[in-house]
Amino acid sequence: MKSPKYVYLFEVADGTNKKLFGGKGAGLAEMTHMGLSVPPGFIVTTEACLQYYADKKKLPKGLMEEAQENLKIVEEKTGKVFGSPHNPLFFSVRSGAALSMPGMMDTVLNLGLNDETLEGLIQTTSDGRFAYDAYRRFIQLFGKIAMGVDEKEFDQILNKTKERCGAIEDTDLNADCLKEICEQYFGLVKKKTGHSFPEDPMLQLKLAIEAVFKSWMGKRAVDYRKEFNITPEMAHGTAVNVCRMVFGNMGFDSATGVAFTRDPGTGENILYGEYLVNAQGEDVVAGIRTPKQIQEMKKEMPKIYRELERVRKILEEHFREVQDFEFTVEKGILYILQTRNGKMNAQAIVRTSREMVSEKLVSKEEAVLRLKPHELEQLLHKRIDPNFKGKPIAVGLPASPGAASGKAIFDADEAERVGKLGQKVILVREETKPEDIHGFFASQGILTTRGGKTSHAAVVARGMGKPCVSGCEQLRIDPKERAATMGNVHIKEGDFITIDGSRGEVYLGEVPTVDPEISKDLLTLLSWADEIRTMGVRANADTPEAAERARQLGAEGIGLCRTERMFNAVDRLPIVREMILAGSKEKRSEAIAKLLPVQKSDCKEIFRAMKGLPVTVRLLDPPLHEFLPSAEELASKLRNLQEVESAFSSMENISEAMKLLDPAFRESLKLLDHMVADIVEIKEKRLDKKLIRKQQETLRKVQEMKEVNPMLGHRGVRLGITYPEIYRMQIQAIMEATAELIKEGLDIQPEIMVPQVCTAQELKWVYELMKKVQKEVERQYGIEICFKFGTMIEVVRACMRAGRLAEVADFFSFGTNDLTQATFSFSREDAENKFLPLYNQRKILQDNPFEVLDVKGVGRLMMIAIEWGRRTKPDLKIGICGEHGGHPESVEFCHSIGLSYVSCSVPRLPIARLAAAHAKLKEKEKKPPEKYDPDQTFSIFF
Ligand code: PEP
Ligand code: MG
């Protein structure tokens with residue numbers, strides 16, 4: 001069998017085959033084909049690297065012969081000879097994998113130098129200093145990389161000689177000193193390895209190729225691949241690029257530099273970069289000298305600058321992407337040594353995408369694909385100034401993105417008070433409850449020590465677009481002291497702190513931040529994404545303000561309006577509590593009657609803000625105890641009240657007793673007499689007793705309602721069925737709001753959604769109730785009301801019974817927060833800061849399933865539900881409203897399984913729009929998810 005070809009000249013290699021030639025090799029090949037000035041050379045393929053490892057670290061047979069043949073051609077092209085004492089050729093030997101792994105593998109420069117070729121170099125350059133400098137650099141690099149001598153030992157020799165020669169910088173060393181260094185380096189290599197430094201250039205080349213292959217499995221490279229999840233299939237070994245050495249340090253007509261075809265920080269269409277005259281690339285990297293801005297070259301080397309401008313145009317027109325390229329000028333001749341796609345920040349990607357479409361360099365589709373959805377995140381939220389160098393004092397979960405600073409305040413009432421004074425607040429709590437909502441409104445951000453990314457604090461903060469760090473367990477809060485500690489760091493109430501909800505970090509003090517940037521360019525790019533995507537994008541929004549913002553950010557409706565949020569407003573909570581604590585049906589009806597108008601007016605405002613678009617209103621979901629204070633809180637209040645009561649009793653007599661003790665107190669006790677009179681009045685009105693009774697009553701009710709597992713208990717539709725008057729009121733509010741707005745001439749599209757459904761009977765029960773209310777409202781207003789009725793799919797049984805549910809439902813909406821909880825049997829409140837980080841670290845689970853949709857488990861259940869639901873009702877509208885609806889990869893999955901829309905928190909709307917467009921554009925390259933076949937597996941249950 002013919003042995004495979006392992007070595008290719010730049011002009012022969014396929015510049016599009018990064019897998020075989022690595023990114024760098026493919027770039028060199030492509031630029032050579034384009035006629036750019038690339039020094040001649042050849043590539044040893046990645047296949048050779050894989051074969052090297054397959055053969056237990058032996059270079060494949062015939063490889064060096066092939067290399068020699070190609071080398072001959074390079075000699076012909078350059079008119080120089082490898083190993084010649086008169087006109088020597090030197091090489092750079094560089095690694096280059098398919099995926100860029102900057103600095104992770106090894107490089108050897110000036111290869112081919114020995115005592116003889118050194119003479120040739122001196123002759124051709126007439127520069128002994130330059131030649132010896134090249135030699136000592138080569139011995140050091142080769143000695144370290146190919147022969148394993150510790151770099152520090154070379155540095156010791158260099159530093160000692162510098163001292164002795166009175167040189168401060170390396171550049172101060174003259175030829176004699178450098179020659180001396182070379183000799184000492186040889187001695188070091190012999191001593192450390194037992195071998196002389198190889199003189200034979202071909203042997204040098206062989207050892208250098210082997211060294212690059214070895215560096216592929218070096219610790220640095222292996223750790224890098226692990227860190228960035230680069231699998232063996234993606235990585236596929238490294239190629240070796242053997243390229244004629246060009247020297248940027250051959251005098252003042254030589255230089256070296258790096259450039260971008262556009263500014264990677266702003267996207268501006270200008271040549272951007274740095275260079276150094278009379279220097280080698282490593283001088284720039286090592287920071288020995290400070291490079292100059294490339295614009296200075298206009299004056300210093302005008303001809304080269306003009307050439308670079310030309311190269312910039314050619315590169316962009318060819319690669320149709322911003323390029324980051326390296327160049328060297330050797331004696332007035334420009335050489336391009338490398339090119340790759342430039343890494344830019346999000347702002348620059350947005351600007352260049354828009355401009356490159358105008359320049360007809362890329363299509364709209366390509367422009368949309370250039371911006372990755374997670375990069376967009378950078379532009380949507382305030383973030384910590386990238387120049388800030390401070391360290392966080394604690395790290396929790398990144399629960400809602402953005403950065404905010406404010407005074408640490410430990411309860412919602414105080415947060416509201418301080419906020420009203422116009423001061424900035426960070427609400428710091430162990431965990432939050434619905435009754436803290438006014439504290440959220442008053443705060444810039446929320447920090448909790450318990451709870452995950454779907455905890456109350458996280459979900460509410462995301463809904464409001466405020467930063468939140470949750471589950472920051474390192475922080476200990478002392479509510480009594482109104483302070484928090486973290487090791488020896490102490491935060492008192494009122495101290496300034498900063499949180500970064502994108503990274504989960506907490507800082508002391510007010511850290512500088514930069515504002516979000518929704519530029520015109522970004523709006524244009526998003527409008528192109530909208531033209532491309534076929535899946536709808538809606539928002540999770542519970543207030544008219546959020547609805548308006550959602551509309552501005554391109555929402556095509558509301559996919560989840562959680563009505564419980566309406567119940568939490570400060571003026572409503574007492575009525576809600578009255579409803580819950582009512583001892584009789586009549587009393588409950590009275591409270592509900594008070595709630596109806598507020599619920600209706602909330603619905604009206606949201607519907608009005610979203611006129612012309614659908615709004616899905618979810619009936620009450622959380623367990624009722626969430627609206628009540630906790631038993632501990634009530635017990636503590638009760639204790640305080642009882643103490644006050646007994647204090648009152650003793651105070652009634654205190655004034656008389658004190659007068660007996662000393663009549664001289666008479667005057668000063670007048671004040672006490674007044675107080676006692678007030679106390680007697682309070683007692684007569686029995687205010688203390690009434691309050692105590694009320695608190696006792698509430699405590700009894702709270703204890704009665706206590707559930708071991710409230711998330712699996714009396715909530716959702718189960719609540720609606722046991723307290724039908726609550727759902728009836730909510731449905732009536734939605735219908736009346738709709739009727740009144742229709743009468744105003746508005747196009748209103750309500751959708752009523754039932755949470756936690758697990759059986760068709762439950763859904764039918766609510767449906768009947770709804771039909772009854774509809775008739776009444778239609779009669780009352782004299783109009784017909786059109787709306788849709790649907791169910792959340794958030795329990796496993798609902799997925800299994802989707803076919804039946806679809807008989808009643810016009811739409812499904814996957815509640816993947818609960819569905820994930822149910823599928824894994826992980827509590828969504830506890831998992832994220834108890835065991836999930838360890839699971840991720842140990843790779844037991846790849847991701848956090850509450851953040852990234854678990855395609856293999858939850859995803860399959862969704863596919864089953866879709867399949868069966870649409871069997872019953874082919875046009876069944878199906879969406880998702882769990883937090884995954886705003887996660888880019890999860891959005892792509894939702895597109896691939898045929899969801900009609902995703903619904904996400906308002907700030908994530910641009911991300912979801914972009915991700916949905918990416919999903920559409922990538923659908924051709926992607927395999928559809930493994931199809932589950934209902935006939936084969938589950939048809940007997942249908
Ligand atoms: C869900 O479970 O995914 C959902 C959206 O409902 P909630 O988070 O309000 O339970
Ligand atoms: Mg839910």
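## Parallel pairing of S17 and S18

Strand S17 (residues 425-429) pairs with strand S18 (residues 445-448) in the parallel sense, over 4 bridges. In this pairing, Ile-426 stands opposite Gly-445 of S18. The structure is a predicted model.

## The eight-stranded sheet

S17 and S18 belong to an open sheet of 8 strands, ordered S14-S24-S23-S16-S17-S18-S19-S15, in which the pairing is mixed. The edges are formed by strand S14 (394-395) and strand S15 (397-400). Each of these has a single partner strand, so one side of each is left without a neighbour in the sheet.

## Helices on the sheet

Helix H17 (residues 412-420) packs on the sheet, where H17 touches strand S16 (403-409) and S17. The direction of H17 makes about 175 degrees with that of S17.

Helix H19 (residues 456-464) lies across three strands: S15, S18 and strand S19 (468-470). Relative to the edge strand S15, H19 runs at about 45 degrees.

## Crossing of H14 and H16

Helix H14 (residues 346-358) and helix H16 (residues 373-380) have axes that come within 8 Å and cross at roughly 110 degrees. Because of this crossing angle, H14 is roughly perpendicular to H16.

On the H14 side, the contact is made by Ala-346, Gln-347, Ile-349 and Val-350; Glu-375, Gln-378 and Leu-379 contribute from H16. The residues of this contact comprise 4 nonpolar, 2 polar and 1 charged.

Technical notes:
Residues numbered from 1 in each chain as written. Chains lettered and ligands numbered in written order. Predicted model: local features only at pLDDT ≥ 70, side-chain atom pairs only at ≥ 80, totals over all residues. Heavy atoms only, no water. Axes fitted to C-alpha atoms, helices over the stretch in contact; angles between N-to-C directions. Helix = DSSP H or I, 4+ residues; strand = E, 2+ residues; numbered from the N terminus. Parallel < 35°, antiparallel > 145°, perpendicular 65-115°, else oblique. Contact = heavy atoms within 4.5 Å. Nonpolar A, V, L, I, M, F, W, Y, C, P; charged D, E, K, R; others polar. Pairing = 2+ DSSP bridges.
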